[in-house]
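Dear colleague,

I am passing on the structure we spoke about, and below it you will find an account of what came out of the analysis. Please read the text with the model open beside it.

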Amino acid sequence: MTQWYERRFRRHLLDMHIDDWSDAFLSRFSSEDYAENLSLAHINMPMLYLQSHTGLCNFPTKTGRMHRAFEKDPDAMRRLTALCREKGMGVVGYYSLIYNTWAHDTHPGWRMVDENGRSQRDLGSRYGLCCPNNADYRAFVFAQIREMLDYFDGDGMFYDMPFWPQVCYCPACRARWAREVGGEIPSAREGAAWEKLLERRRAWMGEFAQAVTGCTKALRPGISVEQNFACSIASGAEAAIGDEVNAACDYTGGDLTGGIYEQSFTCKYFSAASAHQPFEYMIVRCDPNLTKHTLTKSRRELETAVMLTCAHHGASLAIDAIDPVGTMDRRFYRLLGEVFAKEEPYEPYLTGDMLCDVGIVYHLPSKALRRGMTFSNHHAALGAARHMLERHILCGVAGHRQMKSLSRYPALIAPMLRCLSDEERAALVDYVTAGGRLYFSGGEDGALVEALLGTRVTGFTGETVTYLAPESGREALFADFNADYPLPFDGDAPILGRLPEDAQVLARIKLPYTIQNTPRYASIHSNPPGVMTDWPAVVRRRVGRGEVIWSAQPIEKERQAVYGETLCRLLALMGFESRLHTGAPRIVELTAFEDENAVRVNIARLNSDFEGALPAFSVSLRCGDIREVVRLPEGERVPFERDGDETRFTARALDLFDMYELRR
């Protein structure tokens, strides 16, 4: 049975986090104007606010409090739902978890609090945070869901904010920790107890999210549920959002504001993580985010974001924010309609499986930082994806859901992993022994290093600036850096024990003349290399039928081109070859999706501050026996050449986005 989310790609959310201390607030709200604006914007799946971070409800409630503006018109949201349906739209409802200022203020016992018993509101915040471990708060949420679904006849529900905005020391959290682990909740942000707390908090939030989904589906069988998964990208380890939250979702989505390269990575991650396609990527109207209430992104910025999501076969959700009085800027909805009009013709072709030559392992527990570190798997994974994108290597992101199917990737990049489960570690080892090519970095997971390199991590350098010095004859692998002028990194490096005889050292660690941040120095502004060590920095080894290359430092994290070139040369050393080659500039991303009888190549321009088209460029893809190349949606035939299983054609001058179908 086809679900609504499989065919609706143009979505919308109007933020309504509006208090009601003034009679003016939401006094001019109009269901009719709202629905008309959605039509102007070509929206076919709006998300409607039934409640907000304020905790005030936009529906009649006995468990909470209704917003005063809606008390005067309690059927406003129900009427809006009916108007949307009359215009051919589906409807999703919005409800805010955790962030509920009314519940926080009304029920002090439900609050998230710090070690001193203070909530964020006590410290001056606008946001009231309620703890999901509190049984009374959970019962309140479930009661509100019952009321909400009695009122709202929607196709789906969206639950916002399923993460920990702070470490909570409320009585319910203390009791649960004592019951499940024992003792007091740790306060130090390091060590085994802290990592255990992160693990427990991920599990607790995941259990709450799944209970919310279970309650919703029990009350309304067949309804879809999405819970905001943005913090899997946007937040650090303390937010403690894990794959358990995503397991409560019918499809994966979230709102991000980190720029175009973060969006590209997120699209790949959400696509891989989503139980069903398409995933959903939320684009904020304001520049750079909703704090700039009246500042709208340019047409090109909006088009670039929407078409990049389209290039990953995802659904775009545009987020606007209502004016406090309840009005909407109709100019934006006309603009949004023109933007979505460019995406709409491609929707019938947003099917198939993404082709990936390189998989990048993104592991949420590995966001936790070891003492003294300033970066994690998160930063290294995003860096690796950008290097692949700029070199037009088809890549995907392998999250928790993909750990059992790593064999689909000809090569794998596993950056700075730690806190792996035995099952996850075994999956990586099995991938290599079965013939896979694995590049991995760091020494945070000693058991993985030992399983793949046959030695142990014995410690870390005291220096927090280190260098990677190529062995003699290996300089070309490292962009022509050498022992005298080695490749620099910030951060300490793991020290390996004795390597087995079948391991090959490609580079070694070189240290500065002095320890950093001390009065003694060689060069006052920097820490140049001066002390050569025998410690391996890059190691190559055969494991079973496969091969690994390990780097002490995350080459993939660094932004400069020489690091990307080095990473790609190390992959090539293991026999990796990209199936895609193109003359496109680096500001262009190419993705490819395979259906039974065709491969679709999507070409998206990433820079939004441009005028004029890019010149035509070549595209070559190994994809088997191709009989015809057409440009979609027009269906215009494109000249092409074949050489074995390789198809070559010239993509026309690129303005914003093009799609080519290679038919078998």
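Helices here are DSSP runs of H or I with at least four residues, and strands are runs of E with at least two, both numbered from the N terminus. Counted in this way, the secondary structure of the protein, which is a predicted model, comes to 16 helices and 29 strands.

As to the overall form, the C-alpha trace spans about 80 × 70 × 50 Å along its principal axes. The radius of gyration is 26 Å, which agrees with the value near 26 Å that a compact globule of 664 residues would have. Of these 664 residues, 60% count as buried, while the protein exposes about 25,800 Å², of which carbon and sulfur atoms supply 48%. Among contacts between residues at least 6 apart in sequence, 76% join residues at least 24 apart.

One sheet deserves a closer look. Nine strands form this open sheet with mixed pairing, in the order β11-β10-β12-β13-β20-β19-β18-β15-β16. Its edges are β11 (395–398) and β16 (487–490), each of which pairs on one side only, and neighbouring strands are turned against each other by 25° on average, direction ignored.

Within the sheet, β10 (residues 358–361) pairs with β12 (residues 411–414) in the parallel sense over three bridges, and glycine 359 has leucine 412 of β12 as its bridge partner. Helix α14 (residues 422–433) lies across both of these strands as well as β13 (437–441), β19 (529–543) and β20 (546–551), and runs at about 125° to β20.

With best regards

Technical notes: Residues are numbered from 1 along each chain as its sequence is written. This is a predicted model: local features need pLDDT of at least 70, side-chain atom pairs count only at pLDDT 80 or more; totals for chains, interfaces and linings use all residues. Side-chain values use heavy atoms; hydrogens and water are left out. Two strands pair if DSSP finds at least two bridges between them. Axes are lines fitted to C-alpha atoms, for helices over the stretch in contact, and angles run from 0 to 180 degrees between N-to-C directions. Contact means heavy atoms within 4.5 Å. The radius of gyration is taken over C-alpha atoms; the globule rule is 2.2 Å times the number of residues to the power 0.38. Buried means under 20% relative accessible area, exposed over 50%, partly exposed in between (1.4 Å probe, protein chains only). Accessible areas come from the Shrake-Rupley method with a 1.4 Å probe; for residues, only the protein chains shown count as cover.
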